[in-house]
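Visitor: I would like a close look at one part of this protein, the last helix and what lies around it. Please take it slowly and explain the terms.

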Amino acid sequence: MVSSEEINGYTVAYEQEELFFPVWSTGLIALVLGWAALTRDVPILWLVALIPAAGFYYNLPLLETGKPRLGAGQYGLFLEGLGLLQWRSIDAVDIVENEFRGTLYRDLEIALKGPVEAALILDWRDRSPVRRFMRLPWSWRARGIIRIPLDVLDKPPREVHAAVVRMWRFYRGH
């Protein structure tokens, strides 16, 4: 079976510089609250410490450097935690822009022609129990629609979109 490290072609990882500080800050807050709960013997602080600890745990994949989260090659589109989608099963690839509190966010929207089970060449949805509740680089929006936030990736959104569309157009007929 092929692993995500063996995917050749265009790959994108999480951007590191802007993501380190918020993730480590959340972990530090959880650590301080946990230490205060331990030294002061205040049980309610354990519950309060769980909130930032859960946020730190969920966002831990943002700290992993160099690991491909999205990739494209001759066989299809790779998404970490989902698998390898064959090019022929993709109906459309678009950029969706959303504004939230004055900030523009861009998502890559992948529309599938059918169910995801039929689109997958390799299925990597089974994850280890340790990683089961950690962040994934994609989400379901509706039946057959996958959204990938582009602003957290290490390449510009327009470049990622252009590369995926170019490869999709080239390989879907083969």
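Guide: What follows starts with the whole chain, then turns to helix 4 and the core it belongs to.

This is a predicted model, in which local features need pLDDT of at least 70 and side-chain atom pairs count only at pLDDT 80 or more, while totals for chains, interfaces and linings use all residues. Residues are numbered from 1 along each chain as its sequence is written, and side-chain values use heavy atoms, with hydrogens and water left out.

The secondary structure comes to four helices and nine strands. Here helices (H or I, at least four residues) and strands (E, at least two) are DSSP runs, numbered from the N terminus. In order from the N terminus, the elements run β-α-α-β-β-β-β-β-α-β-β-β-α. The C-alpha atoms fill a box of roughly 65 × 40 × 30 Å along the principal axes.

Of the 174 residues, 42% are buried. Buried means under 20% relative accessible area, exposed means over 50%, and partly exposed is in between, with a 1.4 Å probe and protein chains only.

Now the helix itself. Helix 4 has 15 residues, which at 1.5 Å a residue should span 21 Å; its end C-alpha atoms are 21 Å apart, which agrees. The expected span is 1.5 Å times one less than the number of residues.

Which residues of helix 4 are buried? They are Pro157, Val160, His161, Ala163, Val164, Val165, Met167 and Trp168. A general rule helps in reading such a list: an α-helix has 3.6 residues a turn, so residues three or four places apart point the same way. The cover over the buried residues of helix 4 includes strand 1 (10–12), strand 2 (70–72), strand 3 (76–79), strand 5 (90–100) and strand 6 (103–112).

Next, the core. A nonpolar core is a set of buried Ala, Val, Leu, Ile, Met, Phe, Trp, Tyr and Cys residues joined through side-chain atoms within 4.5 Å. The largest one has 35 residues, and Leu85, Ile110, Ile146 and Ile148 have the most contacts inside it. Helix 4 (residues 157–171) supplies the largest share of this core, six residues. In soluble globular proteins, nonpolar side chains tend to be buried together.

Ile110 serves as an example. Leaving aside neighbours within four places in sequence, Ile110 is in contact (heavy atoms within 4.5 Å) with Leu77, Ile90, Ala92, Val93, Gly144, Ile145, Ile146 and Ile148. Across the protein, 67% of contacts between residues at least 6 apart in sequence join residues at least 24 apart.

Last, the aromatic residues. The structure holds four aromatic pairs. Rings of Phe, Tyr and Trp (its six-membered ring) pair if their centres lie within 6.5 Å; planes under 30 degrees apart count as stacked, over 60 as edge-to-face and the rest as tilted. One of the pairs is Phe170 with Tyr171, edge-to-face, at 4.9 Å centre to centre and 85 degrees between the planes. Tyr171 counts as partly exposed because its relative accessibility is 22%.

Arg172 lies over the face of Trp168, at 4.3 Å from the ring centre. For a charge to sit over a ring, NZ of Lys or CZ of Arg must be within 6 Å of the ring centre and within 35 degrees of the ring normal.
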